[in-house]
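Subject: Structure handover and notes

Hello,

Here is the structure you asked for. My notes on it follow below the display.

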Amino acid sequence: MKALYRILERARQTPKRIVLCEGEDIRIIHAAIKAAEDGIAHIILVGERDKIKSLSIQHELNLQLVEVIDPADSPLTGDLQKVLYMLRGEKGMTREEAETAVYVPLCFANLLVREGYADGSVAGAVYTTADVVRTAIQIIGIASEFRIVSSFFLMMLCKPFHKMKGGMIFSDCGLVIEPNAYQLAEIAMSAADSAEALLNEEARVAMLSFSTGGSAAHENVDKVVQAARNVKAQRPELAIDEDVQLDAAIVAEISERKLPYSKVRGNANVLIFPDLEAGNIGYKLAERIGGAEAIGPLLQGLAKPANDLSRGCSVEDIYNVIAVTSVQAQRLSGAPDN
């Protein structure tokens, strides 16, 4: 788990303010306290103060290192109501609706991130993915260089039987169902940024297909090739292979035979799947048969970090996503990589 340990260590070096808006879920409280005690983030819990305190007392947990904010009595609520109305008023939200919506913890937490009171948010233990993603897009917004938000899994290959060692980025495995060539290019660039932020190494991107170097002719191959060429036009320094089969993407000997002019040379650390169906199957095969640990789905392409959790998440899952979010926030704030 060296790749994950490095992420945890980097999170400790410059811990960021991470807000969790499901403070009335005991898993969230456990993970928040552990993250605060281990120093990977400064934690803000949003929710009904009395319920959070009651749960912590019931489970003998100490909230001393965690900041608890209740929208019902926070001095920030009034200003955040004005911000939300300014953001959403032109989309049809009334002033009264904005005033009410801010009391929803998910909305309040994302406003904290937007306004700089927090550096990133984590949600999804209770809220649905649709709610988490929609609220993040509406309030935090999409990064200026992108037009879509996508997702990725951080795949850890650290067990003794893994021939490949370390971390990899798989994208998009959880959000964009059928991207066109332009969207697929954005997914690839976002995923390359995710690799450089979290793996602390240069991205090496493989645009996966059933074709390698034009070995098959099909419109699905054309989409992957066009996406790769769009990336090359915008980021000529990025190591990226166009249509490439999985074996040629990750096995140097096969890459040398099938794609001798490869930039990645069978050493990809970013795998871009042509659609969500392939991505979902791919990460689950790697996890269930290949024994990789999957952290995510995580979000990319937002102006500031906001990550989703599975509603079946464990305390460890939440803790790891807090660490990832903290490191993402470091990169956005210009904190030095280590």
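K258 has a relative accessibility of 36%, so this lysine counts as partly exposed, between the limits of 20% and 50%. Please keep in mind throughout that this is a predicted model. The side chain of K258 meets that of D247 in a salt bridge, with N and O 3.2 Å apart. The two residues belong to distant parts of the chain: D247 sits in helix α10 (residues 246-250) and K258 in helix α11 (residues 252-258), 11 residues apart. D247 is also partly exposed, because its relative accessible area is 30%.

Salt bridges

In total the structure holds 16 salt bridges. The background is simple: side chains of opposite charge can pair when their charged atoms come close.

Another of these bridges joins E196 and R331, whose closest N and O atoms are 3.5 Å apart. E196 is in helix α8 (residues 181-198) and R331 is in helix α13 (residues 315-333), so this pair ties together parts that lie 135 residues apart in sequence. E196 is partly exposed at a relative accessible area of 24%, and R331 is partly exposed at 34%.

K51 and E48 also form a salt bridge through their side chains, at 3.6 Å from N to O. K51 counts as partly exposed because its relative accessibility is 43%. E48 is partly exposed too, with a relative accessible area of 41%.

Salt bridges can also join into a network, as they do for R229, K232 and E242.

One further charged side chain belongs here, although its partner is a ring. The charged end of K34 sits over the ring of Y319, 4.6 Å from the ring centre.

Aromatic pairs

How many aromatic pairs does the structure have? The count comes to two. In the stacked pair, F153 and Y283 have ring centres 3.8 Å apart and an angle of 20° between the planes. That pair ties together parts 130 residues apart in sequence, because F153 lies in strand β5 (residues 150-157) and Y283 in helix α12 (residues 276-288). F153 and Y283 are buried.

F170 and F273 make a tilted pair, at 5.5 Å from centre to centre and 55° between the planes. F170 is in strand β6 (residues 166-171) and F273 is in the loop between β9 (270-272) and α12, so the parts tied together here are 103 residues apart in sequence. Both of these phenylalanines, F170 and F273, are buried.

The cavity

There is one cavity of 30 Å³ or more. The largest cavity encloses about 30 Å³ of space. Which residues line the largest cavity? The lining is made up of T129, S151, G174, L175, P297, L299 and D308. By type, these lining residues divide into three nonpolar, three polar and one charged.

Backbone

P297, one of the residues that line the largest cavity, also takes part in a cis peptide bond. That bond runs from G296 to P297, with omega near 5°. P297 itself is placed in strand β10 (residues 293-300).

A cis peptide bond also joins S171 and D172, where omega is about -15°. D172 is in the loop between β6 and α8.

Two residues should be noted for their phi angles. N200 is not a glycine, yet its phi is positive, at about 60°. N200 is found in the loop between α8 and β7 (204-208). With a relative accessible area of 31%, N200 is partly exposed.

R265 is not a glycine either, and its phi is likewise positive at about 60°. R265 lies in the loop between α11 and β9. Is R265 buried or exposed? R265 counts as exposed, because its relative accessibility of 57% is over the 50% limit.

Where to look

If you open the model to check these points, the following residues are a reasonable place to begin:

- D247 and K258, for the salt bridge between α10 and α11
- E196 and R331, for the salt bridge between α8 and α13
- F153 and Y283, for the stacked rings
- F170 and F273, for the tilted rings
- G296 and P297, for the cis peptide bond with omega near 5°
- S171 and D172, for the cis peptide bond with omega of about -15°

Regards

How values were computed:
Residues are numbered from 1 along each chain as its sequence is written. This is a predicted model: local features need pLDDT of at least 70, side-chain atom pairs count only at pLDDT 80 or more; totals for chains, interfaces and linings use all residues. Side-chain values use heavy atoms; hydrogens and water are left out. A salt bridge is a side-chain nitrogen of Lys or Arg within 4 Å of a carboxyl oxygen of Asp or Glu. Buried means under 20% relative accessible area, exposed over 50%, partly exposed in between (1.4 Å probe, protein chains only). Helices (H or I, at least four residues) and strands (E, at least two) are DSSP runs, numbered from the N terminus. On a 1 Å grid over the protein atoms alone, a cavity is a set of points where a 1.4 Å probe fits but cannot get out, and a pocket is an open set with protein on both sides within 12 Å along at least five of seven lines; lining residues have an atom within 4 Å of a point. Grid points are joined across faces, edges and corners, and a volume is the space filled by probe spheres set on the points. Ala, Val, Leu, Ile, Met, Phe, Trp, Tyr, Cys and Pro count as nonpolar, Asp, Glu, Lys and Arg as charged, and the others, Gly among them, as polar. Rings of Phe, Tyr and Trp (its six-membered ring) pair if their centres lie within 6.5 Å; planes under 30 degrees apart count as stacked, over 60 as edge-to-face and the rest as tilted. A charge sits over a ring if NZ of Lys or CZ of Arg is within 6 Å of the ring centre and within 35 degrees of the ring normal.
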